[in-house]
Amino acid sequence: MIKTRLIKQLGSSSRYFSIYHQLADTFLEKMQGMTTLKVYQNDSSAEQELAEESEHFRQITMKVLTMQLGSYFHIGMNGMKASDQIFAFLDLPEKAAGQTSPPKKMSLTVSELSFTYPDADQAALNQINLSIVGLSGSGKSSGSGSPGPSCTGATFCF
């Protein structure tokens, strides 16, 4: 909301730098003409004009900084929430003593597997023996095309 209002007020970052350059131009003009302003005793009005432009630029700069700090605050809060979730996960209880982990090397063995489609006269698979051996998590089930331990809705699974 604040960011939207500030962008509307400034138009864009080029508007911000336009104001900055205007202030710099005014300052340079007043400094170069200071002798003339002093001679005609008009230096106090030049000082007032420069002070007003400086204050305007300061207010805009503070709005920009506030907006940026607000953005960083929200980024920081998102990071804090993420770290809370990570630490909550890390704080989950570990398995109780005595529970065993799956062995590092596992195998899947099928012995004398036969399969006949419904209404077929001949077996599609007849006394197949198959062994798949590999490290735990190496993709034995995935590589074999097995739908996994549940085999929900499958006519055939191993």
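This report describes the overall make-up of a predicted protein model and then looks at one helix and a few individual residues.

**Overall make-up**

The protein chain contains five helices and two strands, and, read from the N terminus, these elements follow the order α-α-α-α-β-β-α. Of the 158 residues in the chain, 15% count as buried, while the accessible surface comes to about 12900 Å², with 57% of that area belonging to carbon and sulfur atoms. Among the contacts in the protein chain with a separation of 6 or more, 49% are made by residues 24 or more positions apart.

**Helix α2 and its two sides**

Helix α2 covers residues 13-32. With 20 residues at 1.5 Å a residue, α2 should span 28 Å, and the 29 Å between its end C-alpha atoms agrees with that expectation. The buried residues of this helix are Y16, I19, L23, T26 and K30. Viewed down the axis of α2, these buried residues fall within an arc of 85°, and they therefore line one face of the helix. The general background is that an α-helix has 3.6 residues a turn, so residues three or four places apart point the same way. On the face of α2 turned away from the buried side lie the exposed residues S13, E29 and Q32.

T26, one of the buried residues of α2, has a relative accessible area of 3%, and because the cut-off for burial is under 20%, T26 counts as buried. When its neighbours within four places in sequence are left aside, T26 is in contact with E49, L50 and E53. These three contact partners of T26 can be placed by number in helix α4, which comprises residues 43-90.

**Three residues set side by side**

The table gives the element and the relative accessible area for T26, L108 and L90.

| Residue | Element | Relative accessible area | Class |
|---|---|---|---|
| T26 | helix α2 (residues 13-32) | 3% | buried |
| L108 | strand β1 (residues 105-115) | 26% | partly exposed |
| L90 | helix α4 (residues 43-90) | 55% | exposed |

L108, which is found in strand β1, has its C-alpha atom 8.0 Å from that of L130, although the two residues are 22 residues apart along the chain.

L90, which is exposed, belongs to a nonpolar patch on the surface that is formed by I86, F87, F89, L90 and L92, and together these residues have about 580 Å² of accessible area.

Technical notes
Residues are numbered from 1 along each chain as its sequence is written. This is a predicted model: local features need pLDDT of at least 70, side-chain atom pairs count only at pLDDT 80 or more; totals for chains, interfaces and linings use all residues. Side-chain values use heavy atoms; hydrogens and water are left out. Helices (H or I, at least four residues) and strands (E, at least two) are DSSP runs, numbered from the N terminus. Buried means under 20% relative accessible area, exposed over 50%, partly exposed in between (1.4 Å probe, protein chains only). Contact means heavy atoms within 4.5 Å. Accessible areas come from the Shrake-Rupley method with a 1.4 Å probe; for residues, only the protein chains shown count as cover. The expected span of a helix is 1.5 Å times one less than its number of residues. The arc is that of the directions from the helix axis to the C-beta atoms. Patches are made of residues with over 30% relative accessible area and no salt bridge: like charges are joined within 9 Å, nonpolar side chains (Val, Leu, Ile, Met, Phe, Trp, Tyr) within 5 Å. A salt bridge is a side-chain nitrogen of Lys or Arg within 4 Å of a carboxyl oxygen of Asp or Glu.
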